[in-house]
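This report describes the metal sites, the ligand site and selected backbone features of the structure shown below.

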Amino acid sequence: YSVKRGGRHGHQAYEPGLEIIANRQLHADLRHALERHQLHVVYQPQWNPPDGELTGYEALLRWEHPLYGPVPPAVFIPIAEQSGLIGIFGEFVLRAACTTAMQWPPGVRTTVNVSPLQLVENKLLAEVCAALTASGLPAGRLELEITESKPAVDSEGALITLHQLKKLGVRIALDDFGTGTASLDMMHRFSFDRMKIDSRFVAGLPEDTRGHAIVGSLISLAHKLGAQVTAEGVERMEQAFSLMELGCDEMQGYLFGHPDAQTSVL
Ligand code: C2E
Ligand code: CA
Ligand code: CA
Ligand code: CA
């Protein structure tokens, strides 16, 4: 994590020494982030544009560092995974998301990201049950997103947990669809309720003919396997129209709502 210096447009002096110290500091500080109330959850809406309908919110974790300000999840989630904190953080997000979702209309679901490391540990099922019971949220309104861009998802233990969660009525989504190496194998072995198409394929629509072909094929593949499709990173109207034409079920992105615009600190 590079320390911001010289402002947005100024030169960023590359100081590897400083970077290592900052990184060590982040590792140390993350240990206390939860008890010091520096973590909170924000929610980004998911839409079904043809129906003009709000279908759910994705819960995204935020860390407000007392010195550095907001640290991106792309930086602190890997640190949490390396230092064994991801389980505690994951449970925090799960509980916050289920409790918050009770304030939303009954048709609106809540979506929680699950690290592959949480899946291979065998505590997830019990934690999900506890979060649902404590909040009173029906299992069908909770969706868990499993990213395929990291390994360890396709182990036997992970698959058993996924099956048990599905039996409970919780929905399972495959995140970052199209970016991982285990994707086809995973889809062959498990019946996902949803595939989330990564923003990299959505970015250049509708002009990007290769992206168009890939998105079209992913949607048709998902539908053949009985899964719904959500496109991520939708920022422009033309992208949304193109996705609608391709039969995409739901969309998420700054066009429909920014996650940091609406905060819920629990
Ligand atoms: P993700 O699950 O793919 O989440 C979507 C990311 O795209 C979020 O970044 C969101 O803020 C961003 N985004 C949404 N709409 C747009 C858009 O229109 N344009 C662009 N350019 N970006 C958009 P964020 O919040 O920085 O999170 C990054 C990643 O960190 C997430 O990617 C997820 O993998 C991970 N993450 C976040 N919260 C959690 C969590 O509670 N648990 C776990 N395990 N991972 C989390
Ligand atoms: Ca996600
Ligand atoms: Ca994603
Ligand atoms: Ca992504």
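## Calcium ion (ligand 3)

The donor residues of the calcium ion (ligand 3) follow the sequence spacing D-D-x55-E. In this predicted model, the coordinating atoms are Asp 175 (OD), Asp 176 (OD), Glu 232 (OE) and Glu 232 (OE), at 2.3 to 2.5 Å. Distant parts of the chain are linked by the pair Asp 176 and Glu 232, which are 56 residues apart. Asp 176 belongs to strand β6, while Glu 232 is in the loop between β8 (228-231) and α10 (237-245).

## Calcium ion (ligand 2)

A distance of 3.9 Å separates the calcium ion (ligand 2) from the calcium ion (ligand 3), and Asp 175 coordinates both. The protein donors of the calcium ion (ligand 2) are Glu 58 (OE), Asn 113 (OD1), Glu 145 (OE) and Asp 175 (OD), which lie 2.1 to 2.3 Å from the ion. Here too, the site links distant parts of the chain: Glu 58 is in strand β2 and Asn 113 in strand β4 (residues 109-114), 55 residues apart. The sequence spacing of the donor residues for this ion is E-x54-N-x31-E-x29-D.

## Calcium ion (ligand 4)

For the calcium ion (ligand 4), the protein donors are Asp 176 (OD) and Asp 198 (OD), lying 2.7 Å from the ion. These two residues are 22 residues apart and link distant parts of the chain, with Asp 176 in strand β6 and Asp 198 in the loop between β7 (194-197) and α8.

The calcium ion (ligand 4) is 3.2 Å from the calcium ion (ligand 3), and Asp 176 coordinates both. The calcium ion (ligand 3) thus shares Asp 176 with ligand 4 and Asp 175 with ligand 2.

## Site of ligand 1

The space taken by ligand 1 is the largest pocket. Elements giving two or more residues to the shell around ligand 1 are β2 (53-65), α2 (73-82) and β6 (171-177). Of these, β2 provides the largest share, with 4 residues. In total, 19 residues surround ligand 1, and the closest are Gln 44, Arg 62, Asp 175, Glu 235 and Tyr 254. Asp 175 is also a donor to the calcium ion (ligand 2) and to the calcium ion (ligand 3). The shell comprises 8 nonpolar, 5 polar and 6 charged residues.

Polar contacts to ligand 1 involve both side-chain and backbone atoms. A polar side-chain atom of Glu 58 is 3.3 Å from an oxygen atom of ligand 1; Glu 58 is likewise a donor to the calcium ion (ligand 2). A polar backbone atom of Leu 61 lies 3.1 Å from a nitrogen atom of ligand 1. At Tyr 254, a backbone N or O atom is 2.8 Å from an oxygen atom of ligand 1. Of the 800 Å² of accessible area that ligand 1 has on its own, the protein covers 77%.

## Backbone features

Most residues other than glycine have a negative phi, and most peptide bonds are trans. His 37, which is not a glycine, has a positive phi of about 60 degrees. His 37 is located in the loop between α1 (16-33) and β1 (39-48).

The peptide bond joining Leu 205 and Pro 206 is cis, with omega about 0 degrees. Pro 206 lies in the loop between α8 (199-202) and α9 (209-224).

Notes: Residues are numbered from 1 along each chain as its sequence is written. Chains are lettered from A and ligands numbered from 1 in the order in which they are written. This is a predicted model: local features need pLDDT of at least 70, side-chain atom pairs count only at pLDDT 80 or more; totals for chains, interfaces and linings use all residues. Side-chain values use heavy atoms; hydrogens and water are left out. A residue is near a molecule or strand if one of its heavy atoms lies within 4 Å of it. A polar contact is a pair of N or O atoms within 3.5 Å; within protein, one must be able to donate a hydrogen and the other to accept it, and residues adjacent in sequence count only if both atoms are side-chain atoms. Accessible areas come from the Shrake-Rupley method with a 1.4 Å probe; for residues, only the protein chains shown count as cover. On a 1 Å grid over the protein atoms alone, a cavity is a set of points where a 1.4 Å probe fits but cannot get out, and a pocket is an open set with protein on both sides within 12 Å along at least five of seven lines; lining residues have an atom within 4 Å of a point. A molecule sits in a cavity or pocket if more than half of its atoms lie within 2 Å of its grid points. Ala, Val, Leu, Ile, Met, Phe, Trp, Tyr, Cys and Pro count as nonpolar, Asp, Glu, Lys and Arg as charged, and the others, Gly among them, as polar. Donors are N, O and S atoms within 2.8 Å of the metal (3.2 Å for Na, K and Ca); water is not among the atoms, so sites may look incomplete.
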